Amino acid sequence: MPLLDHLGELRRRLTIIVVAVIIAAIVLYVATPTIIDILLDPIRRFLPDDGRLTVITALGGFTIRFRVALFVGVIVCSPIIIWEVMAFFLPALRPNERAWVVPTVAALVALFFLGMVFCYFIIQPAAFGWLLEQTSDFANIMANAEDFLHIMMLLEIGFGIAFEIPLFIFYLSVLHIVPYSTFRKNWRLVYVGLMILSGVVTPDASPVTMILMYAALLALYEVSLAVARVVITARDGKEALRWTREDYEKHALDEL
């Protein structure tokens, strides 16, 4: 398609995403007290006043409820968001590559929710336990609702997005954009890169959060490469583990 048609298609898909998120946020606004109660459950034992948050401005309650509704709206609409993004790039894929679209969307959604569940049950208690412990020896803790919920939502989104990275590594390897052998030879650089990424993505200053994210990303990275090795070997043979993108395209043309 011409450039203007591409831009029109992009605008159409972005409109679908924005409208879906806004509708979901409006509907979920009513349920925000219950949602906030669920969000606080993993860290409630670390909070003062029996886990009750504090709002210090007149507009604080409305602002917080709107942010939480928007946050949950994005989560609820994440399958739509991921599908619309993938569908925009669908025409650029070859017929044999398009068969991967539906499994890819399913994997992206599953990994996103897996990251958020991992954050909710493992990261939130560990991170807030460590952070609040640094304060308890010299000051009283006031559970400011805006501050606490902001950090919690950033952690959830950060881990959801970070857990998508192994799938991109899988496709870089399977499509031979980056040869599988390159990932294996440069594992030290990848490990350092994942460590830096863990420090950047985590919004708090807790080393506990960074270490746990780093461990999770390392495990997912190794699993994604193991699956990529099985797929490449089964599809193209063991010698394909060293193919470049040019070798892959040449092989595809020969099969035609």
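## Salt bridges and side chains in an all-helix pattern

Let's start inside: R13 and E9 are both buried. In this predicted model, their side chains meet in a salt bridge, with 2.8 Å from N to O. Why can these two pair up along helix 1? R13 and E9 sit four residues apart in helix 1 (residues 3-29), so about one helical turn separates them. The pair also has company: E9, R12, R13 and E84 are linked in a network of salt bridges.

Now zoom out. The protein chain has 12 helices and zero strands, and reading along the sequence gives the pattern α-α-α-α-α-α-α-α-α-α-α-α. The C-alpha trace spans about 70 × 45 × 25 Å along its principal axes. Of the 256 residues in the chain, 41% are buried.

How many salt bridges does a search of the whole structure find? The search turns up seven. Here are three of them, including the one you've just met:

| Salt bridge | N to O distance |
|---|---|
| R13 and E9 | 2.8 Å |
| R184 and E222 | 3.1 Å |
| D236 and R235 | 2.8 Å |

Take the bridge between R184 and E222. This pair links distant parts of the chain: R184 belongs to helix 9 (residues 180-185) and E222 to helix 11, 38 residues apart. R184 has 30% relative accessibility, so R184 counts as partly exposed. E222 is partly exposed too, because its relative accessible area is 25%.

The side chains of D236 and R235 also meet in a salt bridge. Is D236 buried or exposed? D236 counts as buried because its relative accessibility is 9%, whereas R235, at 32%, counts as partly exposed.

Helix 11 (residues 207-236) is also home to R229. With 33% relative accessibility, R229 counts as partly exposed. On the surface, R229 gathers with K185, K238 and R242 in a patch of positive charge.

Charges aren't the whole story, so have a look at two polar side chains. S198 is found in helix 10 (residues 187-201) and counts as buried, at 0% relative accessibility. The S198 side chain reaches the backbone nitrogen of Y214 at 3.5 Å.

What about a loop? N144 lies in the one between helix 6 (101-136) and helix 7 (145-162). Although N144 is in a loop, N144 still counts as buried, because 15% relative accessibility is under the 20% cut-off. A polar atom of the N144 side chain lies 3.0 Å from the backbone nitrogen of D147.

How values were computed
Residues numbered from 1 in each chain as written. Predicted model: local features only at pLDDT ≥ 70, side-chain atom pairs only at ≥ 80, totals over all residues. Heavy atoms only, no water. Patch = residues over 30% accessible without salt bridge, like charges linked within 9 Å, V, L, I, M, F, W, Y side chains within 5 Å. Areas by Shrake-Rupley, 256 points an atom, 1.4 Å probe, with all protein chains shown as cover. Salt bridge = Lys/Arg side-chain N within 4 Å of Asp/Glu carboxyl O. Lys, Arg positive; Asp, Glu negative; His and termini not counted. Charge placed at Lys NZ, Arg CZ, Asp CG, Glu CD. Buried < 20%, exposed > 50% of the residue type's maximum accessible area, 1.4 Å probe, protein only. Polar contact = N/O pair within 3.5 Å; in protein donor to acceptor, adjacent residues only side chain to side chain.
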